[in-house]
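Please walk me through the fold shown here, and then through the side-chain pairings and the burial that go with it.

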Amino acid sequence: MQASGDFWRGKRVLLTGHTGFKGGWLALWLQRRGASVTGVALAPSTRPSLFELAHLSDGLDSHFCDIRDASALAAIIHAARPEIVFHLAAQPLVRLSYREPLQTFACNVMGTAHLLDALRGLDDVRVAVMVTTDKVYCNREWPYPYREDDALGGHDPYSASKAASEIVIASYRDAFLAAQGVAIATARAGNVMGGGDWSEDRLLPDAMRAWQSGQVLEIRKPEAIRPWQHVLDPLSGYLTLAQALWTRPELAGAYNFGPPSDEVATVRQVVALARAAYGRSEVVFGDGSNGPHEAGWLSLEVAKACVALGVRSRISLQQAVVDTVTWYRAQHEGADARALCEAQIAAFEALP
């Protein structure tokens, strides 16, 4: 099953986190499919930002609002009367969560609770896709992919906050929203790459910043293994999941989105692909001892999304890196960010 453009035409969609990297791409894709989108997020946190470069505010009803402000958030949601909700707003960075743990928990746990509480009693809402992360699992550093029913946990505050938000989501679903007729699912994906991300402490944005300015890229943990994927793969999964829940609310639950578990790769391997795509570039690899604790091995079992939704990864790791580097190079040389995104979305939609 692939998300249908006709399905989205005219649907009222609430999208939190539309000023971020993944949220920006999803906002563009929803607009392309004819949805009426209300965005709720903080102002862009990076300069440059995809939100500003792609002029995302031109195509949706954009609101700058902190999801920790329950009353302000509820007012926007009640006015928008959404039929479908995508919740992407979050504090999304592991290393920042060590520096600001209380802010991370407040945003990722209580912000999620504020959103869910605002949906109570709304007659129009039917579907909510709550985006968490692949890092919600209690990571035992074993070479096995995590399944949706494996134990939740989190060593760092970011991972722990997202695991806690999964429990909050399940509680609101079971205690309130399922009986109201709202189908709620959580979507677990991570290590997403693509053009337009200028966040700190992310591999390819760090690489592009370094190489475009003639500096050396420093890699902390080159042997860390992750389920890398292009941003359009999980976003396609989120759209497909929401469409499936519209007609089959019994599919509510947790879903992993990522590449096949045997296609995970190390940071070193991804850097090698990026260097090949970029050309001249310098890298220094650390020994893994620098910085706070981060998981060494992480992979996801994606059979549930494949069987229940027909979702599969459609962009290979090599192509994902090439598409990402190509986007940054073109934008750096003056190409229009929105046009670059729309061209890659169109190419993705044309894939078999």
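**Burial, sheet and side-chain pairs**

Tyr278 has a relative accessible area of 16%, and so it is buried. The structure in view is a predicted model, and the values that follow are computed from it.

The ring of Tyr278 is a useful place to begin, because its centre lies 5.5 Å from that of Trp211 and the two planes stand at 40 degrees, an angle that makes the pair tilted. Tyr278 belongs to helix α10 (residues 267–278) and Trp211 to helix α8 (residues 203–212), so that the contact links distant parts of the chain, 67 residues apart. Trp211 is buried as well, with a relative accessibility of 6%. Across the whole model the count of aromatic pairs comes to 15, and in one aromatic cluster Phe7, Trp8, Phe86 and Trp246 come together.

Trp211 also leads into the surroundings of helix α8, which is mostly covered, seven of its 10 residues being buried. These buried residues are Leu203, Leu204, Pro205, Ala207, Met208, Ala210 and Trp211. The elements that cover them include α10, which carries Tyr278, together with β7 (192–193), β8 (216–219), β13 (282–285) and α12 (317–332). Just after α8 the backbone of Gly214 adopts a positive phi of about 75 degrees.

From this helix we can turn to the sheet. Seven strands make up an open sheet with parallel pairing, and their order is β3-β2-β1-β4-β5-β6-β11. The edges are taken by β3 (61–64) and β11 (253–256), and because each of these has a single partner strand, one side of each is left without a neighbour in the sheet. From one strand to the next the twist averages 15 degrees. Within the sheet, β1 and strand β2 (residues 36–41) run parallel and are joined by five bridges, and Val13 has Val37 in β2 as its bridge partner.

Helices lie across this sheet. Helix α4 (residues 70–80) lies across β1, β2 and β3, and runs at about 180 degrees to β2. Helix α7, in turn, lies across β5, β6 (183–188) and β11, with an angle of about 165 degrees to β6.

The loop between β5 and α7 (157–177) holds Lys135. Is Lys135 buried or exposed? With a relative accessible area of 19%, which is under the 20% cut-off, Lys135 counts as buried. If residues up to four places away in sequence are set aside, Lys135 touches Val94, Gly153, Tyr158, Ser159, Asn191 and Leu298.

The charged side chains come next. Side chains of opposite charge can pair when their charged atoms come close. How many salt bridges does a search of the whole structure find? The search finds 19. One of them joins Arg12 to Asp124, with the closest N and O atoms 3.6 Å apart. This pair links distant parts of the chain, since Arg12 sits in strand β1 (residues 12–16) while Asp124 sits in the loop between α6 (101–119) and β5 (127–131), 112 residues away. Arg12 is partly exposed at a relative accessible area of 23%, and Asp124 is likewise partly exposed at 26%. Both residues also belong to a network of salt bridges that links Arg12, Arg81 and Asp124.

Another salt bridge brings together the side chains of Arg68 and Asp66, with an N to O distance of 2.7 Å. Here Arg68 is partly exposed, with a relative accessible area of 36%, and Asp66 is partly exposed too, with 22%. In the salt bridge between Asp174 and Arg173 the closest N and O atoms are 3.7 Å apart. Asp174 counts as exposed at 62% relative accessibility, whereas Arg173 counts as buried at 17%.

Charged groups also meet aromatic rings in this model. Lys11 lies over the face of Phe7, at 4.2 Å from the ring centre, and Phe7 is one of the residues in the aromatic cluster described above. Arg268 lies over the face of Phe285 in a similar way, at 4.4 Å from the ring centre.

Terms used: Residues numbered from 1 in each chain as written. Predicted model: local features only at pLDDT ≥ 70, side-chain atom pairs only at ≥ 80, totals over all residues. Heavy atoms only, no water. Salt bridge = Lys/Arg side-chain N within 4 Å of Asp/Glu carboxyl O. Helix = DSSP H or I, 4+ residues; strand = E, 2+ residues; numbered from the N terminus. Buried < 20%, exposed > 50% of the residue type's maximum accessible area, 1.4 Å probe, protein only. Phe/Tyr/Trp six-rings, centres within 6.5 Å; stacked < 30°, edge-to-face > 60°. Lys NZ or Arg CZ within 6 Å of the ring centre and 35° of its normal. Contact = heavy atoms within 4.5 Å. Pairing = 2+ DSSP bridges. Axes fitted to C-alpha atoms, helices over the stretch in contact; angles between N-to-C directions.
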